[in-house]
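Work through the exercises below with the sequence and the model side by side. Try each task before reading its solution.

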2 protein chains.
Amino acid sequence: MQSQVNQNIFDLFSEETISGVAYKNKSLKRAIINHLDKTGNATITDLTLALNISVPKTTSLINELIGDGLVKDEGKVDSKGGRRANIYGLVAESAFFIGVDVKHYHVNIGLLDFKKNLVSDEMQVPYLLANTQESFDHLIRIIQGFIGNLSAAHRNILALCVNLSGRVNSENGYSYSFFHFHEEPLSTIIEKITGIRTYLENDSRAMAYGEFHNGIVRDEKNVLFVNLDYGIGLGIMIDGKIYRGKSGFAGEMGHIPLFTNELICHCGKKGCLETEASGQALIRMFKEKIAQGSGSSLQHDNKLPEPLHLADIIQSTRNEDVLCIELVAGIGEKIGRGLSVLINIFNPELVVLGGILSQTDEYIRLPIRSALNKYSLSLVNNDTQLLMSKLKEKAGIIGGCLIARDKLLSVQ
Amino acid sequence: MQSQVNQNIFDLFSEETISGVAYKNKSLKRAIINHLDKTGNATITDLTLALNISVPKTTSLINELIGDGLVKDEGKVDSKGGRRANIYGLVAESAFFIGVDVKHYHVNIGLLDFKKNLVSDEMQVPYLLANTQESFDHLIRIIQGFIGNLSAAHRNILALCVNLSGRVNSENGYSYSFFHFHEEPLSTIIEKITGIRTYLENDSRAMAYGEFHNGIVRDEKNVLFVNLDYGIGLGIMIDGKIYRGKSGFAGEMGHIPLFTNELICHCGKKGCLETEASGQALIRMFKEKIAQGSGSSLQHDNKLPEPLHLADIIQSTRNEDVLCIELVAGIGEKIGRGLSVLINIFNPELVVLGGILSQTDEYIRLPIRSALNKYSLSLVNNDTQLLMSKLKEKAGIIGGCLIARDKLLSVQ
DNA sequence: GTAAATTTATAAATTAAATTATTAATTAAG
DNA sequence: CTTAATTAATAATTTAATTTATAAATTTAC
């Protein structure tokens, strides 16, 4: 499935050391691709100014890139005095990237083109995430099925990224929480099966990346993304880059010891934020309340759906179920307390709330906001915007696709 | 006091936009300076490989830099086969930088040359930090006195950096906790008085920077530096750069709400780490213990020194005073609990303990280490080294000098 | 102890890129 | 509607940088 254009991209972004002039041309071509990537499109003059090279040099590089199939002439810009300039942009269909977002009870999977358009996706593909070979095989079948369903024009796939929850080292491609069955990195194993260059990323970080580059984030460079799901995930963007820590384990905010309860967290300790402020905790607390005699619109014939999914509670909250609203607010207050610690440490420009629980919108945002006001240093807190995810449930696939794309293009 | 060499450096690192060839030469010269800065010295071949330019081009740039007085020929390297290469390095005495480290009860001030040697310093200059005009005037007199005492050869000062505790925005030069009397940024005010380009930095960040570039840090890029002083400071180095947050308020670890005590922190909240795990808290607890009848070698005729300085308690701890050792261990345990939160979030390669309390060495390090083992996620914690500061009380001045130098040279 | 191999430095030749000049296309002013 | 002013693209010229060749300085092998 390797086209000539495909090969040209690999060549351009390969690491092989070449000499003098050839190296400089390659660097400049990469710089042009990166500039077009950031700005969408540009004229010769734009590029000349951005890269500090002369007009004739820029022209010849652009012509080469057009010959490579990576750039195309997009016509002329409007002029307000003077000859109209040609404008150049990336060729959307020159390459595609896949993002696989693995959730607890389903998989989302999407295809992004070279210009960062999501051209195809399959949402909510039924799946049960478990740390077993069967579960892994099922995931592979879903990926292969997705590729199989693509039109021929979309099969020029350069790379894919799989988002997994838990501890993932995206540098060496190992996943420690799931599918850690072999010596080889998981990314290599998937790569061998699918024949497509594969990267691995933590789910919350991938969502943060998506939100950062194609979502709610504008010019902010230091951003925290909170993934409110069954657990509490954190994606840290610093200086516009994903922060992963030494081994890719950064962002474990679920285990801030904020409580003096007796609940044993799965990490083995007591009092972790996750024990009282996660989706898991929400379900537990909801069931407890029902057992204690509270009523909810989720009950039919005095029975709850079994298994009770987080999505059910979210839906009821949006339908103004009083018990759900109350519990979600409680979760929000606790999340806010945890977040205030992070805000004191990071002084971020922006905190984005994402993940399934964020779909309760103001029901979760307001208690978080007021907890931030209450618990974090006001001078620091005043700097921080609190916004809801824009990409919603697509943050993961878009982020995954972008990571695959940007790792390959060494844009990150 | 502006020499020709001085002017050459300013020109080389100024932001003015110049055209084509001149711009490229300037960039390459900067790149050479930066490379020599990182590696200490280099041959023409080294530079050729590092910057991807040809040998004759490198030769001519080096010759220009020698003409500018910024680079010098340091003789020949040993050869193991082939003609011996000339080696080039920065000219140490081409420029100097001042670091002013403002502590609660004294000021440290030092002078660094272009090759990052500390050529002069005055430690423990008596001073009382207070948020008053008098205190500010006194600080200025100390700086001017230090410069006055320098030999003529050392007066070619390019920039200085003042380290202040509390909230400092080093980007715009405002200090919010001290000397915030005027509309103008404090850095500009000092600049006008001294005639030297001035930068401001938070004390813990400056110490972290010193430790990072000239201290205990080797190849680690993600490092936390904990400044154990009257308060608890945190310097965050990410990807080799100081992390400051949006307005320079990042790193407020003293206000993690870990306790359920009734002590009102100066931030207005209860339960902050700082209320039980700072130098301030140590003095308070020490006095309480004495009042409750405990004995200590610090007592003479049943009386404690007044005022009782943190340094006194540190000294007694090193002299094996049992009460002091006990209290320091208690502080360590609590610091460790706070740090374990940060380690879960940052997954750093290295945590460095600095500040005056760190001079109790193992008396503080061991309780911190065991608290980390107990309270942070083992997978994450296993990644993290815990080391003591190498620069000790000079971390601040060296860091300050380096910040002044690197801001000017846009190395950061 | 001399020659071969290796590495650096400089000089000469060649190639590449930047300037400058020219032509083309477009808007605004008279 | 024509001309001046402006901006872009291309061609011609000049300048700059890379390559290649040569000379110089060292180490190692025979």
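The exercises that follow concern a predicted model and take up its interface, its salt bridges, its largest pocket and its backbone.

**Exercise 1. The interface**

Task: Describe the contact between chain A and chain B: how many residues does each chain give, and how much area is buried?

Solution.
- Step 1. Count the residues. Chain A gives 43 residues to the contact, and chain B gives 43 residues.
- Step 2. Take the area. The size of an interface is often given as the accessible area lost when the parts come together. Here chain A and chain B bury about 3600 Å² between them. Carbon and sulfur atoms account for 63% of that area.
- Step 3. Count the polar links. There are 21 residue pairs in polar contact between chain A and chain B, with both residues at pLDDT 80 or more.
- Step 4. Find the elements. On the side of chain A that touches chain B, at least two residues each come from α2 (20-39), β12 (232-238), β13, α11 (322-346), α12 (362-375) and α13 (378-381) of chain A. The largest share, five residues, belongs to α11(A).
- Step 5. Sort by class. This side of chain A holds 22 nonpolar, ten polar and eleven charged residues.

**Exercise 2. Salt bridges**

Task: Find a salt bridge between the chains and one inside chain A, and say which residues form them.

Solution.
- Step 1. Recall the principle. Side chains of opposite charge can pair when their charged atoms come close. The cut-off is 4 Å from a side-chain nitrogen of Lys or Arg to a carboxyl oxygen of Asp or Glu.
- Step 2. Count. The rule gives 36 salt bridges over all chains. Between chain A and chain B the count is two.
- Step 3. Go to the interface. Lys241(A) pairs with Asp239(B), and their closest N and O atoms are 3.0 Å apart. This passes the 4 Å cut-off.
- Step 4. Stay within chain A. Asp68(A) forms a salt bridge with Lys29(A), with 3.1 Å between the closest N and O atoms. The pair links distant parts of the chain, 39 residues apart. Asp68(A) sits in helix α4 (residues 55-68), and Lys29(A) sits in helix α2.

**Exercise 3. The largest pocket**

Task: State the volume of the largest pocket and work out what lines it.

Solution.
- Step 1. Take the volume. The largest pocket holds about 1500 Å³ of space.
- Step 2. Go to the centre. Of the 47 lining residues, Lys221(B), Ile238(B), Asp239(B), Gly240(B) and Lys241(B) lie nearest the centre.
- Step 3. Assign the lining to elements. Chain A supplies at least two residues from each of β13 (241-243) and α14 (395-408). Chain B does so from each of α2 (20-39), α7 (203-214), β13 (241-243) and α14 (395-408). The largest share is four residues, from α7(B).
- Step 4. Sort by class. The lining has eleven nonpolar, 14 polar and 22 charged residues.

**Exercise 4. The backbone**

Task: Locate a cis peptide bond in each chain, then find where Gln124(A) and Lys116(B) lie.

Solution.
- Step 1. Check omega in chain A. The bond from Glu306(A) to Pro307(A) is cis, with omega near -5°. Pro307(A) lies in the loop between α9 (279-291) and α10 (310-318) of chain A.
- Step 2. Check omega in chain B. The bond from Glu306(B) to Pro307(B) is cis, with omega near 0°. Pro307(B) lies in the loop between α9 (279-291) and α10 (310-318) of chain B.
- Step 3. Check phi. Gln124(A), not a glycine, has a positive phi near 55° and lies in strand β6 (residues 118-126) of chain A. Lys116(B), also not a glycine, has a positive phi of about 70°. Lys116(B) is in the loop between β5 (106-113) and β6 (118-126) of chain B.

Terms used: Residues numbered from 1 in each chain as written. Chains lettered and ligands numbered in written order. Heavy atoms only, no water. 1 Å grid on protein atoms, 1.4 Å probe; cavity = no way out; pocket = protein on both sides within 12 Å on 5 of 7 lines; lining within 4 Å. Points joined across faces, edges and corners; volume = space filled by probe spheres on them. Nonpolar A, V, L, I, M, F, W, Y, C, P; charged D, E, K, R; others polar. Contact = heavy atoms within 4.5 Å. Buried area = accessible area lost by both parts, 1.4 Å probe. Polar contact = N/O pair within 3.5 Å; in protein donor to acceptor, adjacent residues only side chain to side chain.
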